[in-house]
Amino acid sequence: MQAWHVHENGEPSEVMRLEQAEPPTPGEGQVLLRVRAANINFPDALLCRGQYQVRPPLPFTPGVEICGETEDGRRVIANPALPHGGFAEYAVADSVALLPAPDALDDAEAAALHIGYQTGWFGLHRRAALQAGETLLVHAAAGGVGSAAVQLGKAAGATVIGVVGGSAKAAVAEDLGCDVVIDRRSEDVVAAVKEATGGRGADVIYDPVGGEAYTQSAKTVAFEGRIVVVGFAGGTIPSPALNHALVKNYSILGLHWGLYNTKNPKLVRRCHEELTELAARGAIKPLVSERVPLGEAAAAVQRVADGLTTGRIAVVMEESA
């Protein structure tokens with residue numbers, strides 16, 4: 001089979017090599033999957049750089065989210081078991097964690113439904129308890145993680161403010177359904193949020209960026225608001241001023257979705273059932289901006305790493321193209 005291997009850490013375009021390899025052998029409790037489509041996530045870039053919280057032994061195949069096919073022909077969503085990731089023709093995954101791919105979505109869309117939407121659902125509903133009629137602010141609203149949160153916020157009946165970088169991404173955020181779009185490159189984010197909310201601020205803020213985005217969040221969160229810390233794609237981990245959280249009476253909520261797979265896997269399946277229902281009625285649909293063949297995976301991972309993409313890029317195998 002063909003598989004991308006990382007033999008040393010560095011930038012994805014420099015360290016990912018497409019090579020011939022034997023299909024991986026499943027371990028106990030694992031299954032071999034034929035990869036139909038693999039969704040590219042920012043953690044794939046961090047894995048290449050050696051900066052992710054999980055550091056598989058070298059060499060490894062990145063690709064943490066796929067739509068695959070079992071030996072008996074079932075189409076499933078899975079997180080491949082590293083070091084045998086999804087940027088290959090075959091991958092392995094834990095059998096207990098396989099989820100049925102929704103019939104309403106094609107392979108690329110199904111591959112993109114899992115991590116970003118699960119993170120959004122747990123962040124908005126389980127952690128922040130978002131209510132209909134509340135205002136949700138989403139940083140990086142045109143990205144893979146942000147676009148999922150926008151759709152889930154609209155499906156929950158919230159007013160959604162999307163913060164993006166650049167006019168092209170602003171257009172994407174508008175198409176996603178954001179009620180208000182703020183271009184951080186040309187607008188004062190804090191002033192724009194206060195204007196849009198009549199000075200009240202946002203009830204829930206979804207932040208996968210960190211750094212300056214978190215600083216803006218603390219200045220724009222409403223009374224009894226909730227800031228959900230999802231990640232640090234901006235590269236800077238903020239240090240919250242807890243006295244500020246005290247005097248403004250807001251909550252700072254951390255979210256590591258992967259923990260639910262071990263701490264409460266039943267909730268992961270319940271979430272998937274709800275996401276499948278939302279997809280079936282068209283309330284959510286992963287924004288797949290590009291579909292690329294396996295041979296272009298390294299360049300695509302680099303574009304995601306450099307913040308040049310909107311929505312998701314999916315690596316699609318020829319049989320599923």
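1. A quick term before we start: a residue is called exposed when its relative accessible area is over 50%, and buried when that value is under 20%. Keep in mind too that this is a predicted model. Now take Glu224: at a relative accessible area of 52%, Glu224 is exposed. You'll find Glu224 in strand β12, which covers residues 221–229. Its backbone deserves a look as well, since phi of Glu224 is positive, near 60°, and the residue is not a glycine.

2. Ala129 is another non-glycine residue with a positive phi, in this case about 50°. Look for Ala129 in the loop that links α4 (115–127) and β8 (135–139). Is Ala129 buried, exposed or partly exposed? With 37% relative accessibility, it counts as partly exposed.

3. On to the cis peptide bonds. One runs from Leu58 to Pro59, with omega near -10°. Pro59 sits in the loop between α2 and β4 (66–69). The bond from Leu82 to Pro83 is cis as well, and here omega is near 20°. Pro83 belongs to the loop between β5 (75–78) and β6 (90–94).

4. Helix α12 is a good place to get your bearings. It spans residues 297–305, and seven of its nine residues are buried, so the rest of the structure largely encloses it. The buried ones are Ala297, Ala298, Ala300, Val301, Gln302, Val304 and Ala305. What covers them? The cover includes the strands β1 (2–6), β2 (16–20), β14 (288–292) and β15 (312–316), along with the helices α1 (12–15) and α2 (42–49). After α12 comes Gly307, whose phi is positive, near 70°.

5. Let's stay with α12 and see how α2 meets it. The axes of these two helices come within 8 Å and cross at roughly 100°. That angle makes α2 roughly perpendicular to α12. On the α2 side the contact is made by Phe42, Asp44, Ala45 and Arg49, and on the α12 side by Val301, Val304 and Ala305. Sorted by class, the contact of α2 with α12 has five nonpolar residues, two charged ones and no polar ones.

6. A second helix pair to check is α4 with α11, the latter covering residues 265–280. Their axes are 10 Å apart and the packing angle is about 100°. The two helices are therefore roughly perpendicular to each other. From α4, the contact uses Tyr117, Gln118, Trp121, Phe122 and Arg126; from α11, it uses Leu267, Val268, Arg270, Cys271, His272, Glu274 and Leu275. The class split for the contact of α4 with α11 is seven nonpolar, two polar and three charged residues.

7. Two residues of that α4 contact, Trp121 and Phe122, come up again among the aromatics. The count of aromatic pairs in the model comes to two. Trp121 and Phe122 form an edge-to-face pair, with 5.0 Å from centre to centre and 80° between the planes. Trp121 is buried, its relative accessible area being 5%, and Phe122 is buried with a value of 0%. Together with Tyr260, these two residues form one aromatic cluster.

8. How many residues are in the largest nonpolar core? It has 83, and the members with the most contacts inside it are Met16, Phe122, Leu136 and Val315. Apart from it lies another core, of 16 residues, which includes Ile182, Tyr214, Ala218 and Val229. Back in the largest core, Met16 is worth clicking on. Leaving out residues up to four places away in sequence, Met16 touches Trp4, His5, Val6, Cys48, Pro62, Phe87, Ala297, Ala298 and Val301. Ala297, Ala298 and Val301 are among the buried residues of α12.

9. Last stop: Ala314, in strand β15. Ala314 counts as buried, with 1% relative accessibility. Which residues does Ala314 touch, if those up to four places away in sequence are not counted? They are Ala38, Asn39, Ala108, Val288, Glu290, Arg291 and Val292. There is also a long-range pairing to look up: Ala314 and Ile66 are 248 residues apart along the chain, while their C-alpha atoms are separated by 9.1 Å.

Conventions
Residues numbered from 1 in each chain as written. Predicted model: local features only at pLDDT ≥ 70, side-chain atom pairs only at ≥ 80, totals over all residues. Heavy atoms only, no water. Buried < 20%, exposed > 50% of the residue type's maximum accessible area, 1.4 Å probe, protein only. Helix = DSSP H or I, 4+ residues; strand = E, 2+ residues; numbered from the N terminus. Contact = heavy atoms within 4.5 Å. Core = buried A, V, L, I, M, F, W, Y, C linked by side-chain atoms within 4.5 Å. Phe/Tyr/Trp six-rings, centres within 6.5 Å; stacked < 30°, edge-to-face > 60°. Axes fitted to C-alpha atoms, helices over the stretch in contact; angles between N-to-C directions. Parallel < 35°, antiparallel > 145°, perpendicular 65-115°, else oblique. Nonpolar A, V, L, I, M, F, W, Y, C, P; charged D, E, K, R; others polar.
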